[in-house]
Amino acid sequence: MFLSVCLLTRTCSSFFARRFSSSSSPPVNVLELLAVPKAQRDPNWRLSFLSSVSSTPFSPAKPQYLKGPDGFPYYVLSSQENVPADQQVSIESQKDFLLDKGLGVVINPSSGAEWVFSYGDIVNLHLTGKFRNEEEILGNEETVEDNMVIVRQADDTILPPPARKALRMYLEKVGKESPKLAVIARDVGGRLEPNLCFDFFEEDFENRNQLSALLSVIRWFLPKHYRIVTYHKRNEELVKKMSPL
């Protein structure tokens, strides 16, 4: 089923780069929220925290960077109080730096990490002004048949240039030279569902677990609601329509 480019583009934009309305709630003191024991942090706590944390001033910690247990690099922030204002930074103020350097953010790792933001969370902050929508169904990955329509090449509203660079460098590091990407729309029960598709296929791996492991790593670079699909067989027509990552 082929749909017009305009319709597909609107569908893609509304899914990948949707903007959420600003909250009318009064400002939240994030440092007070962080004082709440972790066992008592319910969904309302998470919503309040995520809606306010990007503009909250923190102190850069020492060391300023660390490698997380997941193997990815993080910029370290501390909620230490009584730090001079000229030494404080916010995630929002550091956003471009984080994007350029391929960094996630961890708050107070010495206390077991109050919160961890993946690089994909920073990408979503850049694209939408929000880290994530707590009501959003998390993206997933699956192998599908050919019930798809090419939507368009992935543009900056889906992955900004620094995110493309960070993901490309990682894929090249693990042996995927010159990776490519497409945005496709699948007809799922009569509903158009946009997905990301990279130029590697299940047959490229010894087993499904290897593919799943790579896709799981790629998720760190993407907003959490993005969906990834792969294909059982090489689809030359699909590859031709992909653009370099």
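**Group meeting talk: a walk through one predicted chain**

Hi everyone, let's start in the middle of a strand: Pro63 sits in S1, which covers residues 59-67. The peptide bond that leads from Lys62 into Pro63 is cis, and its omega is near 0°. As background, most peptide bonds are trans, and most residues other than glycine have a negative phi.

Before going on, some housekeeping. This is a predicted model, where local features need pLDDT of at least 70, side-chain atom pairs count only at pLDDT 80 or more, and totals for chains, interfaces and linings use all residues. Numbering runs from 1 along each chain as its sequence is written, and side-chain values use heavy atoms, with hydrogens and water left out.

Now the overall picture. The protein chain has eight helices and 10 strands; these are DSSP runs, numbered from the N terminus, with helices being H or I of at least four residues and strands being E of at least two. Of the 245 residues in the protein chain, 46% are buried. Here buried means under 20% relative accessible area, exposed means over 50%, and partly exposed is in between, with a 1.4 Å probe and protein chains only. About 12,700 Å² of the protein chain is exposed, and 51% of that comes from carbon and sulfur atoms; the areas are Shrake-Rupley values with a 1.4 Å probe, and for residues only the protein chains shown count as cover. Among contacts in the protein chain with a separation of 6 or more, 69% join residues 24 or more positions apart, where contact means heavy atoms within 4.5 Å.

What is inside? The largest nonpolar core holds 53 residues, and Phe49, Ile107, Phe117 and Ile218 have the most contacts within it. By nonpolar core I mean a set of buried Ala, Val, Leu, Ile, Met, Phe, Trp, Tyr and Cys residues joined through side-chain atoms within 4.5 Å. Helix H5, residues 119-128, gives the most to this core, with five residues. Leaving out residues up to four places away in sequence, Phe49 touches Val30, Leu33, Leu34, Ile107, Trp115 and Phe117. There is also a second, separate core of eight residues, including Ala182, Phe201, Val229 and Tyr231.

Next, a helix pair. H6 (residues 161-173) packs against H7 (residues 208-219) at about 155°, and their axes are 11 Å apart. That makes H6 roughly antiparallel to H7. For the geometry fans, axes are lines fitted to C-alpha atoms, for helices over the stretch in contact, and angles run from 0 to 180 degrees between N-to-C directions. Angles under 35 degrees count as roughly parallel, over 145 as roughly antiparallel, 65 to 115 as roughly perpendicular, and the rest as oblique. Which side chains meet here? Leu167, Tyr170 and Leu171 of H6 meet Leu214, Val217 and Ile218 of H7.

Back to backbone angles, with two residues for anyone who likes Ramachandran plots. Ala113 is not a glycine, yet has a positive phi of about 65°. Ala113 is in the loop between strand S3 (104-107) and strand S4 (115-117), and its 22% relative accessibility makes it partly exposed. Ser178, also a residue other than glycine, has a positive phi near 50°. You will find Ser178 in the loop between H6 and strand S7 (180-188), and at 52% relative accessibility Ser178 counts as exposed.

Is Ile184 buried or exposed? Ile184, in strand S7, is buried at 0% relative accessibility. Its C-alpha is 5.6 Å from that of Pro194, 10 residues apart in sequence.

My last stop is Tyr75, in strand S2 (residues 73-78). Tyr75 is buried, with a relative accessible area of 3%. Its C-alpha and that of Tyr65, 10 residues apart along the chain, are separated by 4.8 Å. Not counting residues up to four places away in sequence, Tyr75 touches a list that includes Pro60, Tyr65, Phe97 and Val106. From Tyr75, we can move to Gly102: the two are 27 residues apart along the chain, with C-alpha atoms separated by 9.7 Å. Gly102 is in the loop between helix H4 (95-101) and S3, and it counts as buried at 10% relative accessibility. Apart from neighbours within four places in sequence, Gly102 is in contact with Pro73, Tyr119, Ala166 and Trp220.

Thanks for listening!
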